[in-house]
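Please open the model in a viewer and keep the selection panel at hand. The stops below are meant to be followed in order.

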Amino acid sequence: MTRVPVKQRDAYSPPVTTSSPAALNFALDRSSPVPLYYQLAQQLEAAIEHGVLGPGSLLGNEIDLAGRLGLSRPTVRQAIQSLVDKGLLVRRRGVGTQVVHSQVKRPLELSSLYDDLEASGQKPATQVVRNEVEQASAEVAAALGIAEGADVHHMERLRLTHGEPVAFLSNYVPVGLLDLDTRTLESTGLYRMMRSAGITLHSARQTVGARSATAKEAQRLAEPEGAALLTMQRTAYDDTGRAVEYGTHIYRASRYAFDFQLLVRS
């Protein structure tokens with residue numbers, strides 16, 4: 001098993017692309033009670049979410065955009081600021097207002113982050129930071145139902161979309177369950193590898209939380225120290241009731257959200 005060192009990198013800055021909102025058709029209803037700035041913000045956000053305005057796209061000059069749409073500059077500025085506040089746009093000195101990304105919304109169900117990102121067109125990529133066999137801690141042993149000190153396969157991976165870090169994943173799998181070579185881990189998701197090995201995932205116990213990023217976590221995820229992170233702990237079981245994976249993951253709250261449906265109990 002190999003261990004891949006972490007490469008220190010500067011905070012992510014998306015490349016500038018030639019896409020712009022100039023060719024977009026904004027349908028603004030001036031008779032609607034919905035404020036014009038909000039209408040514009042919603043349509044810009046939709047263009048970002050659907051990839052019409054991809055990461056790195058420049059919005060151009062506020063004055064030009066206001067003139068083209070027949071809006072006041074404060075109205076355009078308010079619309080743009082609302083998307084800056086959501087983390088979808090960023091103002092860069094000497095560059096202008098630029099699209100950063102669309103937020104990843106993941107259903108709260110037993111699924112792979114890699115599969116969810118791929119299905120939503122987010123172009124997932126993986127950097128393997130650690131891939132080796134080690135002795136299980138008390139926490140890991142309890143989660144997997146094995147003896148403390150028993151061998152487990154430990155993986156640490158940085159998951160990216162459009163070249164930008166989204167999550168840092170730490171996973172433990174019982175030794176001998178499947179072949180976990182680094183090259184395959186970089187090209188696909190862990191649950192997809194399990195399915196290919198004939199493992200049927202059936203259920204999981206999962207806990208979602210939140211906390212602030214440490215300095216090391218912030219550097220890995222291109223966030224400032226102390227930034228909000230979402231956390232998840234999960235133990236997954238196969239159709240025989242055997243624990244096949246224990247994961248502790250952190251996600252950028254500015255880029256990621258859990259999405260789930262609540263039902264009224266009668």
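Two rings of Phe, Tyr or Trp (its six-membered ring) are counted as a pair if their centres lie within 6.5 Å; planes under 30 degrees apart are called stacked, over 60 edge-to-face, and the rest tilted. The model is predicted, so local features need pLDDT of at least 70 and side-chain atom pairs count only at pLDDT 80 or more, while totals for chains, interfaces and linings use all residues. Residues are numbered from 1 along each chain as its sequence is written, and side-chain values use heavy atoms, with hydrogens and water left out.

**Aromatic pairs**

Across the whole structure, a search finds two aromatic pairs. Select Tyr-37 and Tyr-38 to begin: their ring centres are 6.4 Å apart and the planes stand at 80°, so this pair is edge-to-face. To describe accessibility, a residue is termed buried under 20% relative accessible area, exposed over 50%, and partly exposed in between (1.4 Å probe, protein chains only). Tyr-37 is partly exposed at 24%, and Tyr-38 is also partly exposed, at 40%.

Next, select Tyr-172 and Tyr-246. Here the ring centres are 6.1 Å apart and the planes are at 25°, so the pair is stacked. Tyr-172 belongs to strand β6 (residues 164-174) and Tyr-246 to strand β9 (residues 243-252), so the pair ties together parts 74 residues apart in sequence. Helices (H or I, at least four residues) and strands (E, at least two) are DSSP runs, numbered from the N terminus. Both Tyr-172 and Tyr-246 are buried.

**Helix α2**

Move to helix α2 and colour Glu-62, Leu-65, Ala-66 and Leu-69, which are buried. Where do the buried residues of α2 fall when seen down its axis? They lie within an arc of 100°, so they line one face of the helix; the arc is that of the directions from the helix axis to the C-beta atoms. An α-helix has 3.6 residues a turn, so residues three or four places apart point the same way. Asp-64 and Gly-67, on the other side of α2, are exposed.

Now display the surroundings of this helix, taking contact to mean heavy atoms within 4.5 Å. The cover over the buried residues of α2 includes α1, α3 and β1 (89-92). After α2 comes Gly-70, with a positive phi near 70°.

**Salt bridges**

A salt bridge is a side-chain nitrogen of Lys or Arg within 4 Å of a carboxyl oxygen of Asp or Glu. By this rule the count comes to eight salt bridges. Side chains of opposite charge can pair when their charged atoms come close.

Remain at α2 and select Glu-62 with Arg-77: they form a salt bridge whose closest N and O atoms are 3.6 Å apart. This pair links distant parts of the chain, with Glu-62 in helix α2 (residues 62-69) and Arg-77 in helix α3 (residues 73-85), 15 residues apart. Glu-62 is buried, at 12% relative accessible area, whereas Arg-77 is partly exposed at 36%.

Select Glu-217 and Arg-211 next. The closest N and O atoms of their salt bridge are 2.7 Å apart. Glu-217 is buried at 14%, while Arg-211 counts as partly exposed at 36%. Returning to the helices, add Arg-73 to the earlier selection: salt bridges that share partners join Glu-62, Arg-73 and Arg-77 into one network.

**Around Arg-130**

Which residue forms a salt bridge with Arg-130, the closest N and O atoms being 2.4 Å apart? The partner is Glu-134. Arg-130 is buried, with a relative accessible area of 14%, and Glu-134 also counts as buried, at 19%.

Add Glu-132, which sits in strand β4 (residues 124-135). The side chain of Glu-132 makes a polar contact with that of Arg-130 at 2.9 Å. A polar contact is a pair of N or O atoms within 3.5 Å; within protein, one must be able to donate a hydrogen and the other to accept it, and residues adjacent in sequence count only if both atoms are side-chain atoms. Glu-132 is buried, at 19% relative accessibility.

**Two final stops**

Select Asp-29, in the segment before α1 (36-49). Asp-29 is partly exposed at 37%. Not counting residues up to four places away in sequence, Asp-29 touches Leu-36 and Gln-39. Between Asp-29 and Gln-39 the C-alpha to C-alpha separation is 8.0 Å, with their positions 10 residues apart in sequence numbering.

Finish at Ala-222, in the loop between α8 (215-221) and β8 (228-238). The phi of Ala-222 is near 60°, a positive value in a residue other than glycine.
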